[in-house]
Amino acid sequence: QVQLVESGGGSVQAGGSLRLSCTAFGYAINNHWLAWFRQAPGKEREGIAKIYIGRTSTYYDDSVKGRFTASHDKAKNTVYLQMNNLEPGDTAVYYCAADGGPSYGARWFAGVRFGYWGQGTQVTVSS
């Protein structure tokens, strides 16, 4: 059974930083795409960053480019999202996702289908 466990959310003032972690269990992240999505109240879940483990390719949505950085530690089977210069508009529940998995509930982001999901972690940015 695949489990993605996120941590690192919290509350921060605008301009601050947070780092999210996502550890995979029952799923070896090497040679897979992992991604970060977020969902603000009343809005659709949107992909913001993805990273390919192996040749370390990354892709960012324009809304976070230059402020957020995705990285990984293969030995820990973990991916990270470093979020700098946070803005109130970044307030959302952040989800880690991995490629593959069931079609039900899957979402596409930049050409990759993500079907495994973490439980989400709240990020709140105050002005």
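Strands are DSSP runs of E with at least two residues, and helices are runs of H or I with at least four, numbered from the N terminus. This is a predicted model, in which local features need pLDDT of at least 70, side-chain atom pairs count only at pLDDT 80 or more, and totals for chains, interfaces and linings use all residues. Residues are numbered from 1 along each chain as its sequence is written, and side-chain values use heavy atoms, with hydrogens and water left out.

**Exercise 1.** Sort the residues of β12 by face, and find the strands that pair with β12.

*Solution.*
1. In a regular strand, side chains alternate between the two faces of the sheet.
2. The covered face of β12 holds Thr 121, Val 123 and Val 125; Gln 122, Thr 124 and Ser 126 form the uncovered one.
3. Two strands pair if DSSP finds at least two bridges between them. Strand β2 (residues 10-13) is parallel to β12, with four bridges, and Ser 11 has Thr 124 as its bridge partner there.
4. The pairing of β9 with β12 is antiparallel and has three bridges; in it, Val 93 stands opposite Gln 122.

**Exercise 2.** Describe the surroundings of Asp 99.

*Solution.*
1. Asp 99 belongs to strand β9 (residues 92-99).
2. Asp 99 is buried, that is, under 20% relative accessible area with a 1.4 Å probe and protein chains only (exposed is over 50%, partly exposed in between).
3. Asp 99 has no salt bridge, which would be a side-chain nitrogen of Lys or Arg within 4 Å of a carboxyl oxygen of Asp or Glu. The nearest side chain of opposite charge is that of Arg 113, 8.4 Å away; Lys and Arg count as positive, Asp and Glu as negative, and His and the chain ends are not counted.
4. The side chains of Asp 99 and Tyr 27 share a polar contact of 2.6 Å. Such a contact is a pair of N or O atoms within 3.5 Å; within protein, one must be able to donate a hydrogen and the other to accept it, and residues adjacent in sequence count only if both atoms are side-chain atoms.
5. The Asp 99 side chain also reaches the backbone nitrogen of Trp 33 at 2.9 Å.

**Exercise 3.** Classify Ser 7 by accessibility and list its contacts beyond four places in sequence.

*Solution.*
1. Ser 7 lies in strand β1 (residues 3-7).
2. Ser 7 is partly exposed because its relative accessibility is 40%.
3. Contact means heavy atoms within 4.5 Å; leaving aside neighbours within four places in sequence, Ser 7 contacts Arg 19, Leu 20 and Ser 21.
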